[in-house]
Structures are given as structure tokens and as C-alpha cells.
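Student: I've got a model open and I'd like a close look at one part of it. Could you walk me through that part, then carry on to related spots?

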Amino acid sequence: MERGKMAEAESLETAAEHERILREIESTDTACIGPTLRSVYDGEEHGRFMEKLETRIRNHDREIEKMCNFHYQGFVDSITELLKVRGEAQKLKNQVTDTNRKLQHEGKELVIAMEELKQCRLQQRNISATVDKLMLCLPVLEMYSKLRDQMKTKRHYPALKTLEHLEHTYLPQVSHYRFCKVMVDNIPKLREEIKDVSMSDLKDFLESIRKHSDKIGETAMKQVVYQKVYSVQLKTVNRLKFGKLYISTNNAQEDRVKRANDHSLDEEDDEEEEVPGAQDLVDFSPVYRCLHIYSVLGARETFENYYRKQRRKQARLVLQPPSNMHETLDGYRKYFNQIVGFFVVEDHILHTTQGLVNRAYIDELWEMALSKTIAALRTHSSYCSDPNLVLDLKNLIVLFADTLQVYGFPVNQLFDMLLEIRDQYSETLLKKWAGIFRNILDSDNYSPIPVTSEEMYKKVVGQFPFQDIELEKQPFPKKFPFSEFVPKVYNQIKEFIYACLKFSEDLHLSSTEIDDMIRKSTNLLLTRTLSNSLQNVIKRKNIGLTELVQIIINTTHLEKSCKYLEEFITNITNVLPETVHTTKLYGTTTFKDARHAAEEEIYTNLNQKIDQFLQLADYDWMTGDLGNKASDYLVDLIAFLRSTFAVFTHLPGKVAQTACMSACKHLATSLMQLLLEAEVRQLTLGALQQFNLDVRECEQFARSGPVPGFQEDTLQLAFIDLRQLLDLFIQWDWSTYLADYGQPNCKYLRVNPVTALTLLEKMKDTSRKNNMFAQFRKNERDKQKLIDTVAKQLRGLISSHHS
């Protein structure tokens, strides 16, 4: 029963739940019905729910049917009205269709016109947009076209500027266009192209200036020449203006400029006076453009390093002299032109660019160039043997140094080196003048210069400073005491001084330094060159006594002329001889030495002549005949000596006296040797008598005074040894000799016991061969005993003397 109650209770609850679900279904939106239905299917009574649902549907259907039945008449009426309206609606439709057809027909043209207007408006809008876009693109294209034109015409720096504007100003405005992207991609390539082309132009520039350096340098040096000429002309005008123009045959400054620059002006006589600037010959724009381009591109340092490296290489090439440079002046000129051209270009680059080259770089190059140039000049100038070439080289070096000094380069070392070349120049001058002196001395006739008229006399006096009142008073024709080589040598010494002066010009030396140099060189000319030439002439084998005498006379006059050479040097240098440290002309010793050498040669020559005559002596040492006259050879010898000493009248007194005394002494000595020579083993008293006649002839010559100035019997003293020896033997005065020997006033003081013994030994045993004493055999034997006794006593004297 309880179970039945419980089942009934559950059935009521289920029915209530189903009712609630149905109400929800009826009142809930269909989109939210899902959860409701899910609750039905989750339970176990969905079958009963379906039944209940169907019952509810049938109930609603009956209600709908009831409602429809209630409103059916109204529906029928509405259908009837609707059918009536359909006919009218059909008429209206036909009218609307007809009206539409007419409207379509009538509006067809308008539609076409409207379509055309629409297309036109669209095109107009497109054109306007296109114009706007083109207005943005055209400047870009124009700039690009301009860029191409600039690159085509090699205006690289403007092209680079255009490229910068294009990249930063114009392209960003139209960057979304494809052609702009192409341009943007090409910009780095264009930069590299500009960079490469500008570098190519720079390389062409470097090659060009390498080839034209000599022309640039020639022009720069020519400018300095014209500046010098203009300066000289200006000074001349100023002197004229202030009344201080001194007319002179040796206008030093004008001549100096003319000589220094003849080599540069000879080829330019037809050119205009105004010389273009060296920088005008070179177009430096490639350097400037390349420098700007690399600066803009941020590669300035790369460019600077490249430029300096290339120019250093070119500098080394320029500074390498050709092997045959020393042969001609043109070789030196081309070498200097290239160096000047190189540094003129670098100086211009230094002053027209900011930092491409700096002073330190220029100074480094110049130091290298200076050292190499000086080394090359020292080497090549040492080959020069022509003083004219050395002088021209000096003028060229001065012009070279002056030109570089104008551009601010220090050139003191060049002038110092010129002082070295000056020494070499002096050596070449000395060699040249050695030949000149040799020719003068070889071609001289060594005879006094004859003059037949006043004009000839003045001509000689004009060439050589000579004054002799006595000679001036003599009538024509007359003779100067010296020969032709005196005025010739004197004038050549002056020419040498002029040549030394030429080298000293433009070396920035003081007058004292120039004077000192000239005097030192002149001293060398006198003491070395002229001295050697004179010595060579004096030592010649075929030199005669007349020539030697004339040389002594000539050197005497040349020695006197040295004071005039001093005055000559003073006049051309304006340095007084009294100035401190002024070198004196000590070349007078040359003429003294030459005179002494000539004197010695005269003495030697005389002695040789005497020896030649003595070789003709042919004594019969065993003769018994007593002669009555001197030997022929000796008579000829005395005649020769008389004629020779007659020529010595123009010689200084002591020279003639010394020569005469020397000849007499040599003659006496030779005669003594002839008497005592070993080949003469025996001699007779007759031979001694003949020999005595010859000695008396010599003494007679000495007493005759062949040369004035000797006191009394001074010249006879040369024969005193012979005289006492012969008197001792001829007079046979041995008792006196032996008794007085060793006393200061003895009669035979000059007879040496050794000499007496030697001669006495030669007189032994001559009785058997001497017919003269044949009848006096006993006396002869006594005399031989006496000879032996005397010989024994002489040996005693000799031994006691030596002990």
C-alpha cells in the first residue's frame, strides 16, 4: 500500500515536471530550447513526455482550427478584394512597363553621355594624378640626366655634388617607384665610377708632369733670369736718375748676369720678354678635383698617401742623373730643369691645397733631393777637365739654387758644394794654364824684344809694367832687356785672375773671401804651375847658356811685377792688402827659385862645356920637349869662356861673378884631376912644363877680369892649388915645402902632401925613357935618390898628419 502511495507520488512529480518543460518550450526562444530538451532526455520518462507533447500539439491544433473557422469569411472577402485588385495591378504593371520602356528609350542617349562623362572624369582624374606624380619624378630624372652629362664631360666634382642632392633630396620623395630603386642601387656604383675616373685623371696628371718637369723647371729658371735682368736694368735706371752711372769697360754686375744667363737666353732671343709662370704650364684641376672627390667620399687620407707615394717615386727618378751628364752642359741643364720642375709643382700644390702635402713632407723630399743632387754633382763634376764647362756648370748651379731659393727652399749646401767645385775649377785652370805657359815658353826665342818705333814701345809697356828712364832716352831701334814670354806670362796671369773672379761671382761671398780665394789660386799658379813650367824649360837637355841667361833676366822682371799683380787684385776686389787675414802673393819665390835653378843650370852647363873641352886634351905625359905656348884645346876653352861671360852683362852682378868663379874652380879642379888621374902612371918634367903653360893661360884669363866686380886677384885663387903644386915641382923646392909644412904662412900652404906624393910617384924612373937627361946619368941618379928621399919624407908627413 505504501508502495502504491509512493508510486503515485512520483507520478505526480513527473507530470508536474513535464508540464513545466512544455511551458518553457512554448515560451522560450528556439535557440535556447536545447538545454530544456536535454533535461527530458537525461530522465527516464521521455516516452511519457512525448505522449504528453503530442497531446498538447493536438490541443493547439483544435484551437487553431477554431480560430480559423471564426475568421474564414473575412479571409474570403479579402481574397475577393485581392482578385479585383489584381486586374488593376495588371493594368498598372502594363502602364509601368510601357512607361519604363519609353523612359529607357528616351534615356539611352543620356546614359551613353553619362558613361562618356564618367570615363572622361576618370581620365581627368588619372591625368591629374599622373601630372602630380610626374612633377615629383621629373626633377629626379633631370638631376639624373644632369649627373650623366657631368660624368660624360668629366665634371666629376659637380657630378658628385649632383649625386649627393639626388640621393638625399630628390630620391626620398619618390622612393616607392621602381626606377628610383634602380637609381638608388646605382648610386654606389656611380660613386666608385667617379672615384675611379678621377683617380685615372690624377694618374694622367702625374704622368704628364713627369714628362714635362724639365719644361716647367726651364720656365721657372728663365723667370729668375728675367728677374735678374730686370733688377740690373732697374739699378741702371736708378743710377742714371741720380747721376751715379759710372761708365766702365768692366761693368761687373751686368757682365755677371749676362755670363750667368747666356745659356738660358741664347735660344730665347725671339720670344717675348714676359715669361709665363711655371704654374701656368700645368693644369692642376685633376689634383683639386680628385682631392675634393676623395674628401667628399671620406677617403682623403687614402688619396694623400697615394699622391705622396707616387711623387716620391717620381722624385727618385728625377734625381737619378744620366750616366753621361758630365759630357755636356745640356746634360746638367736638363737634370736641373727636372728637379726644379718637380719642386715648383710641389710648392704650388703646397700653397693651393690644404694638407695634401705639408711643409714636413716637402722638407723631407728636399733634403733627399739636396743630398742626391750634391752627390751626383760631386761625382760628375769630377770628370770635367774643361774650365769653361766647369764655369758654365757653376753658373747653372747658381741659377738652379737661386730659382729654388725663390720658392723658399734652403740652398746653402749647394753654395757650400760650389766652394768645393771652386777648388776643382782652380785645378782645371791650373792644368789649362800649364799648357798655356808651356806653349809660351816653348815658342819664345829667348832674345830681348826689339822695338823700332814709339808705338811698338808703348804697346810692350802697355802689356807689361816696365819703367826704365835710360831705355826711354835711347834712340830707336832699341831692345827691352826681357824676351817675349815676360809680357805674355804677365798677361796670362791676369787672365787667370779674371777666370778666378768669374767663378767667385754670385756665390754670395764677401769681397774679402773673393780676394782671399783669388790670391790663393794665383799663388798656386805661380808656385806650382808656372814654377814647374820654368823648371822644365831650365832642365831641358838642349837648353843653352843664352837661354838660361835670358830666363834669369826674365824672372827678375817678373818678380818685380808681382807688386803690380797685387795692385791688380786689389783693384778688382776692392780689398786693400793691409786688410786683416788678406793672403799675400808669395809667388815671388817662384821666380827666385827659377832664377836659382837657372843659375845652377848655368853653372852646370858651363862645367859641362869645360868638361867637353877637357875631353879634347891630349897631353904627352912622357914628352921631353919644353913647350912655348898653351894647348890648343885650352886656348879654345878660354875663348869660349870669354865670349860666354860677355853675354852675362845683363845678369845681376853676383850671378855673373858666381858663374865665373864656379867655372874657374871647376876648370882648376878638372885640371888637377887630369894631372892626378890613375891612368897617367908616369910623367916628365917637360909634360909638367906644358901643363904649367896651360895653367898660366887660365891664370891670365882670371887676371883679365872677364866679369867685373872681383877684388884684385880673387878669381886667380881658383887656380892657387895648381899654381903652388906646379911651382913646387918645377922649382923642385922640396926643402922649403918640407921645412915650412904646417906653418900658416908657408909658401906651399895649398899643396897637400898626399897630392904631392901621388905626383912625385909618377916622376920616378923616367930617366931611362927621357933623352933630355941621358947625358947626365949621375945627376939623374942623384935626383932619383932625392925623389925617393922626398917621397919617404912625404909619407912621414902623411902618417904623422893622420895620427
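In which loop is Trp-732 found, and what goes on there?

Tutor: Before anything else, keep in mind that this is a predicted model. Trp-732 sits in the loop between helix 24 (720-731) and helix 25 (734-740). What makes Trp-732 worth a look is its backbone: phi is positive, about 55°, although the residue is not a glycine. As background, most residues other than glycine have a negative phi. Trp-732 also counts as buried, because its relative accessibility is 17% and the cut-off for buried is under 20%.

Tyr-446 makes a good companion case. Its phi is near 50°, again a positive value in a residue other than glycine. Tyr-446 belongs to the loop between helix 13 (412-443) and strand 1 (450-451). With a relative accessibility of 5%, Tyr-446 is buried too.

For another backbone oddity, go to the loop between helix 15 (469-473) and strand 2 (478-479), where you'll find Pro-475. Pro-477 lies in that loop as well. The peptide bond joining Phe-476 and Pro-477 is cis, with omega about -5°; in general, most peptide bonds are trans. Pro-475 is exposed, its relative accessible area being 63%. The C-alpha atoms of Pro-475 and Ser-453 are 9.3 Å apart, with their positions 22 residues apart along the chain.

Now for the charged side chains. Side chains of opposite charge can pair when their charged atoms come close. The count here comes to 25 salt bridges, and a few of them are worth clicking through.

Start in helix 6 (residues 213-241), which holds both Lys-222 and Glu-218, 4 residues apart, or about one turn of the helix. Their closest N and O atoms are 4.0 Å apart, and the two form a salt bridge. Lys-222 is buried at 5% relative accessible area, while Glu-218 is partly exposed at 26%.

Helix 17 (residues 511-538) has a pair with that kind of spacing: Asp-516 and Lys-520 are 4 residues apart, about one turn of the helix. This salt bridge has its closest N and O atoms 3.2 Å apart. Asp-516 is buried, with a relative accessible area of 19%, whereas Lys-520 is partly exposed at 46%.

Glu-559 and Arg-595 also meet through their side chains, in a salt bridge of 2.6 Å, N to O. Glu-559 comes from helix 18 (residues 545-560) and Arg-595 from helix 20 (residues 588-614), so this pair ties together parts that are 36 residues apart in sequence. Both ends are buried: Glu-559 has a relative accessible area of 18%, and Arg-595 has a relative accessibility of 12%. Elsewhere, a network of salt bridges links Glu-19, Lys-52 and Arg-56.

Last stop, helix 3 (residues 46-152), where Ile-79 is found. Ile-79 is partly exposed, at 34% relative accessible area. Together with Tyr-72, Phe-75, Leu-82, Leu-83 and Val-85, Ile-79 makes a nonpolar surface patch of about 620 Å². As for packing, the axes of helix 3 and helix 5 (residues 178-211) come within 13 Å and cross at roughly 25°. That makes the two helices roughly parallel, because angles under 35 degrees count that way. Helix 3 passes helix 5 in a left-handed crossing.

Note on methods. Residues numbered from 1 in each chain as written. Predicted model: local features only at pLDDT ≥ 70, side-chain atom pairs only at ≥ 80, totals over all residues. Heavy atoms only, no water. Patch = residues over 30% accessible without salt bridge, like charges linked within 9 Å, V, L, I, M, F, W, Y side chains within 5 Å. Areas by Shrake-Rupley, 256 points an atom, 1.4 Å probe, with all protein chains shown as cover. Buried < 20%, exposed > 50% of the residue type's maximum accessible area, 1.4 Å probe, protein only. Axes fitted to C-alpha atoms, helices over the stretch in contact; angles between N-to-C directions. Parallel < 35°, antiparallel > 145°, perpendicular 65-115°, else oblique. Left-handed = near helix turned anticlockwise from the far one by under 90°.
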